[in-house]
Amino acid sequence: MPVRNRLIQLLADNRGAQARRFEIVAKDNEAEVFLYDAIVDDELMAEWWGGVAPESFVKALRALDVSTIHLRVNSPGGSVFAARAIEQALRDHKARVVAHVDGFAASAASFIIMAADEIVMGKGAMIMIHKAWTIAFGNADDMGATKDLLDKLDGTLVQTYADRTGQSPKQITDWMAAETWFTAAEAVDNGFADRVAEDAPKDGASAQAAWNLSAYLAAPKPAAAADPAPTPEPAHATQDHRSRQQQRVRAMQLAHPIA
């Protein structure tokens, strides 16, 4: 039975997603940061698959000299370690951070928003948490080492969610094992968010619907939609470039889990 790399599937399925947006709009003493994309390990992965890498996010965030940051999120998730870097940058910023979940805060995006001082759910928004994924090859010792790493990663995620929500580690662990999707009201009831927004975001619903979440086991079923147009490859994507990028991505994914 072939091994399925769910991170690669998630990125490949959404390579042509029209929802993609990483933009910062600053006005007066506030800024809106639109994180409408997957989270990837670095700029080379972003160039090939799309997505937001921590280098660009953290650099842009540190350049903001404002008192309030409105982080607007619609993300299907991505790399654990990349998301942890983004999360820490938000914690370190002097501004008050308000996270607005406009569509999805799935997987890695779900713990990025834990860094916010306030979390606001759009009326149709959802948060999803699950156990970390990876792919590994080798002997029994290699498999054991991979399991140990994933157990440690899951432990850190459990602690992050428990600290924010006040839920017991056992409850968080059970939710993660089940790949749990929380509606806006459920997120508030269980401590993952502070309130539900009075008004729906202008483009949240359409952006949410643009994500292909088939890499996940329990994702909500999307509404019927027309097939997206084929995504043209970048002009620089020669066969040699494609081969080198694909080899590098495959190698990186052996060591970089997704949550």
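1. Exposure of D28. In this predicted model, D28 has a relative accessible area of 75% and is therefore exposed, the cut-off for that class being over 50%. D28 sits in the loop that joins β1 (21-27) to β2 (30-36). The backbone of D28 also deserves attention: its phi is near 55 degrees, which is a positive value in a residue other than glycine.

2. A second residue with positive phi. E179 is not a glycine either, and its phi is positive, at about 50 degrees. E179 is placed in the loop between α7 and β7. Is E179 buried or exposed? Its relative accessibility is 8%, and because buried means under 20%, E179 counts as buried. The two loop residues should thus be read side by side: D28 is exposed, whereas E179 is buried.

3. Overall composition. The secondary structure of the chain amounts to 10 helices and eight strands. The chain has 259 residues, of which 51% count as buried. If one takes the contacts between residues at least 6 apart in sequence, 75% of them join residues at least 24 apart.

4. The nonpolar cores. In soluble globular proteins, nonpolar side chains tend to be buried together. The largest nonpolar core here has 52 residues, and the members that touch the most other members are F57, L71, L90, I113, Y161 and F192. There is also a second, separate core of 13 residues, which includes A19, F104, A106 and A215.

5. The surroundings of F192. Which residues does F192 touch, if those up to four places away in sequence are not counted? They are M114, I119, I127, I129, Y161, T165, I172, W175, F182 and A187. One of these partners, Y161, is also listed with F192 among the core members that touch the most others.

6. Helices α3 and α4. Helix α3 covers residues 54-62 and helix α4 covers residues 80-92; their axes come within 9 Å and cross at roughly 5 degrees. Angles under 35 degrees count as roughly parallel, and α3 and α4 are therefore roughly parallel to each other. On the α3 side the contact involves P54, F57, V58 and L61, and these meet A82, A85, I86, A89 and L90 of α4. By class, the contact of α3 with α4 consists of nine nonpolar residues, with no polar and no charged ones. F57 and L90, both part of this contact, also appear among the core residues that touch the most other members.

7. Helices α4 and α6. The axes of α4 and α6 are 13 Å apart, and the two helices pack at an angle of about 30 degrees. This pair is therefore roughly parallel as well. The crossing of α4 and α6 is left-handed. From α4, the residues V80, F81, R84, E87 and R91 meet L153, T156, L157 and T160 of α6. The contact of α4 with α6 comprises four nonpolar, two polar and three charged residues. A student may set this against the contact of α3 with α4, where no charged residue takes part.

8. Helices α6 and α7. Helix α6 (residues 140-165) packs against helix α7 (residues 169-177) at an angle of about 120 degrees, with 9 Å between the axes. How are α6 and α7 oriented to each other? They are oblique, because an angle of about 120 degrees lies outside the ranges for roughly parallel, roughly antiparallel and roughly perpendicular. The crossing in which α6 passes α7 is right-handed. In α6 the contact uses D154, L157, V158, Y161, A162 and T165, and in α7 it uses P169, I172, T173 and M176. Seven of the residues in the contact of α6 with α7 are nonpolar, two are polar and one is charged.

9. Helix α1. Helix α1 spans residues 6-13, and six of its eight residues are buried, so this helix is largely enclosed by the rest of the structure. The buried residues in α1 are R6, L7, I8, Q9, L10 and L11.

10. T183 in strand β7. T183 belongs to strand β7 (residues 180-183). Its relative accessibility is 33%, so T183 counts as partly exposed. Leaving aside residues up to four places away in sequence, T183 touches M121, A125 and M126. The C-alpha atoms of T183 and I127 are separated by 6.8 Å, although these residues are 56 residues apart along the chain.

Note on methods
Residues numbered from 1 in each chain as written. Predicted model: local features only at pLDDT ≥ 70, side-chain atom pairs only at ≥ 80, totals over all residues. Heavy atoms only, no water. Core = buried A, V, L, I, M, F, W, Y, C linked by side-chain atoms within 4.5 Å. Buried < 20%, exposed > 50% of the residue type's maximum accessible area, 1.4 Å probe, protein only. Contact = heavy atoms within 4.5 Å. Axes fitted to C-alpha atoms, helices over the stretch in contact; angles between N-to-C directions. Helix = DSSP H or I, 4+ residues; strand = E, 2+ residues; numbered from the N terminus. Parallel < 35°, antiparallel > 145°, perpendicular 65-115°, else oblique. Nonpolar A, V, L, I, M, F, W, Y, C, P; charged D, E, K, R; others polar. Left-handed = near helix turned anticlockwise from the far one by under 90°.
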